[in-house]
Structures are given as structure tokens and as C-alpha cells.
Amino acid sequence: MLTTRTAAVCRRTREGRRGCVRRIRCITTRIMKRIIFLPAIAALLCGACSSAVPEDYTQYVDPYIGTGDHGHVFMGANVPFGFVQLGPTSIPQTWDWCSGYNYADTTVIGFGHTHLSGTGIGDLNDISLMPVVGKVTPGRGTAGDPSSGMWSRFSRADERCAPGYYATRLLRYGIGVELTASPRVGMSRYAFPASDDAGIVLDLENGQGWDRSTDCGITACSDRTVEGWRYSTGWADDQRVYFHAEFSKPFERIVFTGADTLSADGRSARGRKLYGRFGFRTEENERITVKVGLSAVSAENARRNMQAECPGWDFEAVREATRRAWNGELSKIRIETADPAVRRIFYTALYHTMIAPSLFCDVNGDYRGADGAVRRDTTFTNYTTFSLWDTYRAAHPLLTLIHPEKVGDLINTMLRIHEQQGKLPVWHLMGCETDCMVGNPAIPVVADALLKGFGGFDRAKAYEAMKSSAMRDDRRLDLYKRYGYIPYEFNESVGYCLEYAIADWALAQAAQREGKREDYDYFLARSKAYRHYFDPSTGFIRGRSASGAWRTPFDPFHSRHMEQDYTEGNAWQYTWLVPHDIEGLMECFGSRERFVGKLDSLFLAEGDMGAHASPDISGLIGQYAHGNEPSHHITYIYTMIGQPWKCAEKVRRILGELYHDRPEGLCGNEDVGQMSAWYVLSALGMYQAEPAGGRYFFGSPAVDGATLRVRGGEFRITAADNSPENIYIQRITLNGEAYRKYYIDYAEIAAGGELRFEMGPEPADWTKQQPL
């Protein structure tokens, strides 16, 4: 029933091609008449009339997937990798509302123009609009008291969602709401009842989660135009968003609430908890449209962004251009499967990988740097929202395959961040370094781009940025360099150290590629820091003191969130966090048999993690925790050590049991695309288990076929005789030739060609071309 209902609400009305062409041509002409012209939006609009991609892949996306339980995904309207994420925000600010939306709730306090997707911390919800009727109290309110704020409930029966479009009805006011967006502009269309006291409230107080407004301003430039700013602090400690808003109908009055200062004419206000209500008289079902351009630089730039991207008022044309933009990106992987649920899960996962990184510059090249200074640079496109501890594992390796045109811009963004803050980004949000999570997670991303031969950035600067970031003394790096590991006297010691070791291995590979032998030796040696933590008596990686003593008492199941040696995990999970040196880890166990036996046990072990374990340790199969990133490579260790049939069994189980086409369809936080990227790559039959370098190890494809648009053309994957029973790869051919490696190199995929899996019901090792 849920699947049927979801398909119904996400289905969109198809319009005649002739009408679409007329509207798109009209809006394109208006843009061309302006001096400021944005190639990206031109591609969106002109591409809207192209017949190059006949199939509508957006119909397979179910935006509800991941909105329930702990998925924390964004719900609303945006374009791929856009600055604007325009969507509803609910009353709760607890953990499961980090994105502002959870399927368990039907309250709305407004429709903010920025949101996060899949994070474990809440922030953003900047520049929120709420259409109202009658007397209301500006504020968030409480769910038990409708008069406590301006919030309203909505019904799932009235809610519709699709890539680039969201609609609902506010039951308290009888107002219909529709949302769509361009990269830097949100467009809202409200259908009001007949009223002499209709209004649209601009809420600059209420952010999400940690966010708190610090200074806000609103100025009415005319009876149709408003602009201002919102400064806030939270996860992003110095966030600045400027806006320029235009109304399709003149407003008759303005009422400010929460103003600390008010201009003499009453048309400009400033305050920390500022609201502006813009009043109208409306006829029954009268539509009023509001466009809001955003900028991190200035209100004037927000206006320029709107002029370039959304100069007109044709809501349907913008919606259609946005849908086609999503369709163009989703069509970069065209899968074949007889299972409609697999198709929905796959394309929704692919959709979720393209919400971030987010555009963070204006149409003229202006952007706010990591040091707070405004710069203009038209040589690259600047981005933000880098959840790198999560995304270096799968989301970025996927991006290098199907979005190679973005790699140069992302690396250039990271290099500018390095120049401005003295190190590569850790977890960057709205131009601010949050320093969230452990390790040096940008290094594997930059190293991967170097090793895969990407250009468009200064390779020497990229290398030096990695090296200087690895040689700093902050974030426990001083201890890492002093001891060769991080002692347990310092919190999350093992988590920090193992991630630094992973980054060091990636840097060592880049050093070797660049001919820097001394650096290669140094960082390769550092990458073996995990050996300090391996206890042969227990067979686990565990905390160690500055004097070398093991932490006691020791319980490999126990976990205490942010107050122990591991980061969101336990000894069972962290013992395998050595994806860069599996052979070296095997040596620690003393024999291959002990290593394999312990790995087998991971998926069977049962134990009590304790009352204070991190909620991120979820999606458990034994002690394997798919809901959190440190486990994501572990199943592929089997392929790396020559037992690919065990990898196939585990991967198929995870794909089938821990991903679903319903709101609670993710077993943990989406983590800004990482959970979904794991699904996309694994469903295709491969995964880059190592942190950099481009070796995609084989697992077991869940789809029958796929065509990827890559740098060299198209890369075709066929899984012959694939079925729920035939999960084991029997033989592999690449471009018609027998293929006997456990992995395929990035270069072989990027060149284009055909990879063929022959599947069967019995375990096999294709490198030996015979069943076991």
C-alpha cells in the first residue's frame, strides 16, 4: 500500500511538448536579453526541449525514501548540486529532524531556502517563508498549542514530491503551496482562500538544530521587492546569507515583529529575531508567487542571481527545466532490472548523491571564502557542504565516474579553502570549517583525483596542500607525529589515528606518482600506525596509553559516544578500518586462517554495546554496522583476499535487507550521499574499497545491466543470468576478453567499453575460472 501511494503522490502531470517549448523559449529569450548570462541555467532551459534523453528517470525517484527513522534526508525542491534547497521545516529540532523534515511529523513552521540532507547535526533553514491567513503569532510554536506560533499541519494526501518540485496544503489556513528552484533561486507559489487578511511571513529567526540567528535585516525596496540578510551561528559558526525577494502581486502593508531598530518610514527593520509580514487581499484560490534569490556575498548579488536564472514568473517553465536538469543527471546511469523496487531504490539513491556538494558562488564568480573575505574568481565554480569523513569512501569515487566535469571545480574549491584557512577542509559548511569528525578526509579525495589523472587544477599546489595538511599540529596530529599513534589519554584516539593513517596512505600514493620518494617512504610508514593498536592476544585493535599500556578493562562490544577510543563504533568494527593495507593487517593476525575466521565472526558476533553507544551504530549484521561509514568497505575485504563469493553473499544481503523503497528505507543517516553512493556502486557490482587510486573491487551486481556515461563515452555492464539465486560471479569479460582480476581500474571504466559478468548459483573464483 505504501509503495502504491508513494508512486501516486510522486507522479507528475505531463504537458504537451508544444506548450513546453513555447514557455521555455520565452523564458530563455528573457534571459538572453539581460546582460548577465549564466551558461549553466541556459543549459537547463535549452536542454528542456531536447529529445536526447527520451526516458523520464525522475519518475523512478521516491523522495520519501530516507525521510523516516534516522535517514535525515532533505525533502523539497532543488537542482543537482544547487545552493538552494527549498522545502518544509517542522517544529521539532531533535536529532531525527536534522534536515528539518521527518515522515513521522506533519507540522510546518515555514519553507526555508537552505537545508542539509542526511547529516547527524542540524543547521540552516535560512530565509523561511510561511503563507498565512488572519492573526498569527510569529514564532516556531509548540505542537500542542496552535496559537503558540504560525505553524500548520498538512495531510499526506495533499503532499506531492518529485525531483525539483514539492507541494502540500496548509490545513490551518487552507493555502496550497508549490515549490520549485533553480541553482540559486527558490520559487514558491501559494494558492490563497478569499481573505482581507492574507499574508506571507518572512521568518529570519528560526534556523534548524544548532543554528541561532545573530543579526538580520529586511528592507522593502518597493511594494513588490524585498531584500536583506540573515547572519547566524551554529554548526557553521559564521554563516551569512543575503536575499533578494520579489512578489508577483504588490503587498499592501508590512508588519515587522522582533525588530530592534525600525526605519522612520517603517519599511526597513533590523533585529536578531526578525519577522516581516507582507499583507494582501486575496480572492478565492488566488495565486501569489514569490521568488527568492540567495547569495553568501550581498543582496545585490542575490538580485543578479535571480536576474540571470529566474527573471520571469512562469512557475511551470522553471519546474520543467529543473525536472529536465535532474533527468539529465539521473540518465548518466541507465539500469536494467525487472524489479520495480530495485529501480526506485537505485534512482532515489542516485538522486540523493547529487544534493551536495552545494554551489557556493554567484553568477559573476563572487564567493565568500573560508576566511570570510569576498573574492571574485571566474576560473572555477566554488562549492560547500563537504561531509568528507563520510563521502571520501564512496560518494567521491562515484562522482569521478559519472561527474568528471565537476572534479576540477571541487578540487579547486578545496585548494582555495586550504589557502584561506591553512588546511584542506574537514567538514566545510557555508564557507565555515566545522572541524567535525576525525582524520584528514580531504586528502583521499584530492589524492584520488591526482591518481586518476584529472586536470583543471594545479597538481603541485594540490600535492603541497595535502602534505601541509598532514604535517600540522592541530586535531591531535602533534600526538600522532610524536608517538606514531594517538594515546588513549586523548578522546577518540583510535578513530583519529586510523583515519590519519588512511589519509597518509593516500598521500603516499600521490607522492609516488609525483616522484617524491622521500615523502612516499615517510607517509607510507605513518600509514602503518594501526599496528600500534593491534593486540594479538585478543585479535582486536584497541586503545593504548602514552606509555604503551593497553586500556583496561576491555570489551570489544562496548561503545560510548564521543567518550572512548573509537569514533561512533567499537573494537569489532574498528579492527577492520585498514582498507589501505589488508595484507599488513592480515600479518598482524599471524595467519590467513585467523584473519578470515575473525572476519567471518564479525557478521555473527552478538553483544551489548551499552546504554551510551552512538545511535549511528545501526544496520547491524552481527557487529558489522552498515549504518555507519567505517564499516562500508568491510564486505569487499573478502574479494581483496581472494574469497569473492563471501563478498557476494554479504553485499546481496545488505542491498536486499538494509535498503528499502519506503520512508524508513535507510538503516542510518544518509550522510550527505554516502549511504546512497554505497548502494549505487554495489548494485553495479563494484566498490572502491581503498581510499584512493581507482581500484573498484567486485561484489555482486543487483541490476541486470547498466550503461554509465563516463569520460570516454559509455561503459556498459551486463550481468548475464542474474537472479536472487544466481548471486555469484562465475566469469568476467572486459571488451570481449577474459578478465581475471578481482577489481577493475578506474581508467578501464573511464575509457568506455563493456564489462560482462556471468552469474551463477554456486560460489566461484573467476580469476581461476573454475567453481570452488
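## A quick tour of the fold

The protein's secondary structure adds up to 21 helices and 40 strands. Keep in mind that this is a predicted model. For its 772 residues, a compact globule would come out near 28 Å in radius of gyration, and the protein's 26 Å agrees with that.

**Overall build**

- Along the principal axes, the C-alpha trace spans about 80 × 55 × 50 Å.
- Of the 772 residues, 66% count as buried.
- Take the contacts between residues at least 6 apart in sequence: 69% of them link residues at least 24 apart.
- The accessible surface is about 25900 Å², and carbon and sulfur atoms account for 50% of it.

**Nonpolar cores**

- The largest nonpolar core holds 221 residues, and the members touching the most others are Ile-333 and Phe-595.
- Helix H13, residues 493–513, is the top contributor to this core, giving 14 residues.
- A separate core of 8 residues lies apart from that one, and includes Ala-167, Val-185, Met-187 and Met-306.
- As background, nonpolar side chains in soluble globular proteins tend to be buried together.
- What does Phe-595 contact, once its neighbours within four places in sequence are set aside? The list is Trp-576, Ile-582, Leu-585, Met-586, Phe-589, Ile-637 and Ile-641.

**Helix H14 and its two faces**

- H14 runs over residues 517–526, with Asp-519, Tyr-520, Phe-523 and Arg-526 buried.
- Those four cover an arc of only 135 degrees around the axis, which means they sit on the same side of H14.
- It helps to recall that an α-helix has 3.6 residues a turn, so residues three or four places apart point the same way.
- The buried residues of H14 pack against three helices: H11 (459–470), H12 (477–483) and H13.
- Turned away from that buried side is a face carrying Arg-517, Glu-518 and Ala-525, which are exposed.

**A small open sheet**

- Three strands make up an open sheet, ordered S24-S25-S26, with antiparallel pairing.
- S24 (386–387) and S26 (432–433) are the edge strands; each has a single partner strand, so one side of each has no neighbour in the sheet.
- S25, residues 427–429, pairs with S26 in the antiparallel sense over 2 bridges.
- Which residue of S26 is the bridge partner of His-428? That would be Glu-433.

Note on methods:
Residues numbered from 1 in each chain as written. Predicted model: local features only at pLDDT ≥ 70, side-chain atom pairs only at ≥ 80, totals over all residues. Heavy atoms only, no water. Core = buried A, V, L, I, M, F, W, Y, C linked by side-chain atoms within 4.5 Å. Buried < 20%, exposed > 50% of the residue type's maximum accessible area, 1.4 Å probe, protein only. Contact = heavy atoms within 4.5 Å. Pairing = 2+ DSSP bridges. Rg over C-alpha atoms; globule rule 2.2 N^0.38 Å. Areas by Shrake-Rupley, 256 points an atom, 1.4 Å probe, with all protein chains shown as cover. Arc of directions from axis to C-beta.
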